[in-house]
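Open your viewer, turn on the cartoon view and keep the selection box handy. We will move from one stop to the next, with something to pick at each.

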Amino acid sequence: MDFAYDARTEELSERLLAFMDEHVYPAEQVAEEQRAAQDSPWATVPVQEELKATARKLGLWNLFFVDQHSLPDKRYGAGLTNLQYAPLAEITGRSPQLAPTALNCAAPDTGNMELLAQFGSAEQKKRWLEPLLADEIRSAFAMTEPQVASSDATNIATRIRREGDTYVISGRKWYISGAMHPDCEIFIVMGKTDPDGEDTRRQQSMVLVPRDTPGVEVRRAMSVYGYEDHYHGGHAEVFFHDVRVPVANLVGEEGGGFAIAQARLGPGRIHHCMRLIGMAERAIELMCRRAVDRTAFGKPLARQGVVHEWIADARVQVEQLRLLVLKTAWLMDTVGNRGAHTEIQAIKIATPRAVVRIIDDAIQLHGAGGVSQDFPLAHLWASARTLRLADGPDEVHQRSLARRELKRYA
């Protein structure tokens, strides 16, 4: 990386790059073999636990944590800013199945930890946040539903009804990331406590639902372009059949669910975009190696004009995207998530689109190998393409960003 970072970021980057070369990349094939051999595809494989232990020893643990004021939070993590974390997240994006989890920096746990730190009660932090920080448990965020357009959070249909000192939750969720993992012990569930309220953005609330609560049914794993994402606990369809939890399990206040969701999604979006840059860099590296090694029609692929175009365009796009992501991280640190709203939307629109194209070109260059399990490209493509939907589809961000632009001329 050519960008000049501060001394601490440079030092952590060097340490993390060495960790990737010495431990993560060699573990990728081992992890696949171990997963195929074990009874549950969702359980953490031994080599992943070894990576976690090594990351802890190297001081590469909980690097993501920036507090609600966009300031470094040393209570829970390494005390980095968003700008310091950005290049580190990019490095982990080069191996998205193993590296983020090895550093305890993988979604959905990162967003759930930030949510609990910002909105959870002291008791909720003690019971759930601390074990998550220590990687003793896993978690899931239950928002998306199959029967409504969940890109508009006011559509959420799950009901959270109060009866005395308990809440009763009824609803169906799907694509609930992390829910298939055997160590997933807590769901953060979004539903409506005031479905008929005048303010559609004050109808929703969030409650904590332990997985072993009667009435919680994790019905099936949902695939994403044919992948089940075993490394991050999959994506599940979950039913809540009149699930009862204490009123003390409310996160924040009644009616605060919409605002909490927005606060949670902002950092998650930039983390995804940071890692996407790393995914693009991995694709460019594989593309260049393939171009040098393979010959077609009498000359190396590296001498084919269209290959030059793919590689050059990819490099230009990555450099542009990196600068936009870094600007967004800097704004989040200096003026907060609200002040960086336009830039957060911009990177969420631009980054997955461009990275999908870069990975697709790399797949094309690899021919049949590109869509096979022998290279990481197919899985990288599926992950990047999914992010054009996850955390809000492109069109929602375009609509909001355009409205902000037009306001200046109204």
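The tour below goes from strands to salt bridges and then to the surface.

Before you click, note that this is a predicted model, in which local features need pLDDT of at least 70 and side-chain atom pairs count only at pLDDT 80 or more, while totals for chains, interfaces and linings use all residues. Residues are numbered from 1 along each chain as its sequence is written, and side-chain values use heavy atoms, with hydrogens and water left out.

**Stop 1: a covered strand**

Select residues 184-192, which make up strand S4. Helices (H or I, at least four residues) and strands (E, at least two) are DSSP runs, numbered from the N terminus. Eight of the nine residues in S4 are buried; buried means under 20% relative accessible area, exposed over 50%, and partly exposed in between, with a 1.4 Å probe and protein chains only.

Which strands pair with S4? Add residues 138-142, strand S1, which pairs with S4 in the parallel sense over five bridges. Two strands count as paired if DSSP finds at least two bridges between them. Here, look for alanine 140 opposite phenylalanine 187 of S4. Now add residues 204-210, strand S5: its pairing with S4 is antiparallel and runs over seven bridges. Valine 189 stands opposite valine 207 of S5.

**Stop 2: salt bridges**

A salt bridge is a side-chain nitrogen of Lys or Arg within 4 Å of a carboxyl oxygen of Asp or Glu. By this rule the model has 25 salt bridges.

Begin with arginine 219 and glutamate 217, whose closest N and O atoms are 3.0 Å apart. Arginine 219 is partly exposed, at 45% relative accessible area, and glutamate 217 is partly exposed too, at 26%.

Next, show glutamate 343 and lysine 327, which meet in a salt bridge at 3.5 Å, N to O. Glutamate 343 sits in helix H9 (residues 341-366) and lysine 327 in helix H8 (residues 305-339), so this pair ties together parts that are 16 residues apart in sequence. Glutamate 343 is buried at 15% relative accessibility, whereas lysine 327 is partly exposed at 40%.

Then pick arginine 353 and aspartate 394, a salt bridge with its closest N and O atoms 3.4 Å apart. Arginine 353 belongs to H9 and aspartate 394 to helix H11, so the pair ties together parts that are 41 residues apart in sequence. Is aspartate 394 buried or exposed? Aspartate 394 is buried, with a relative accessible area of 1%, while arginine 353 is partly exposed at 35%.

To finish this stop, select Glu90, Glu281, Arg315, Glu319 and Arg322: salt bridges that share partners join them into one network.

**Stop 3: a positive patch**

Switch to a surface view and colour Arg201, Arg338, Arg399, Arg403, Arg404 and Lys407, which gather in a patch of positive charge. Such patches are made of residues with over 30% relative accessible area and no salt bridge, with like charges joined within 9 Å. Helix H11 (residues 394-407) gives the largest share of the patch, four residues. Arginine 404 is found in H11 and is partly exposed at 37% relative accessibility.

**Stop 4: a loop arginine**

Last, select arginine 303, in the loop between strand S10 (299-300) and H8. Arginine 303 is exposed, at 56% relative accessibility. For a final distance, add arginine 15: its C-alpha atom and that of arginine 303 are separated by 36 Å, with the two residues 288 apart along the chain.

Notes
Patch = residues over 30% accessible without salt bridge, like charges linked within 9 Å, V, L, I, M, F, W, Y side chains within 5 Å. Areas by Shrake-Rupley, 256 points an atom, 1.4 Å probe, with all protein chains shown as cover. Lys, Arg positive; Asp, Glu negative; His and termini not counted. Charge placed at Lys NZ, Arg CZ, Asp CG, Glu CD.
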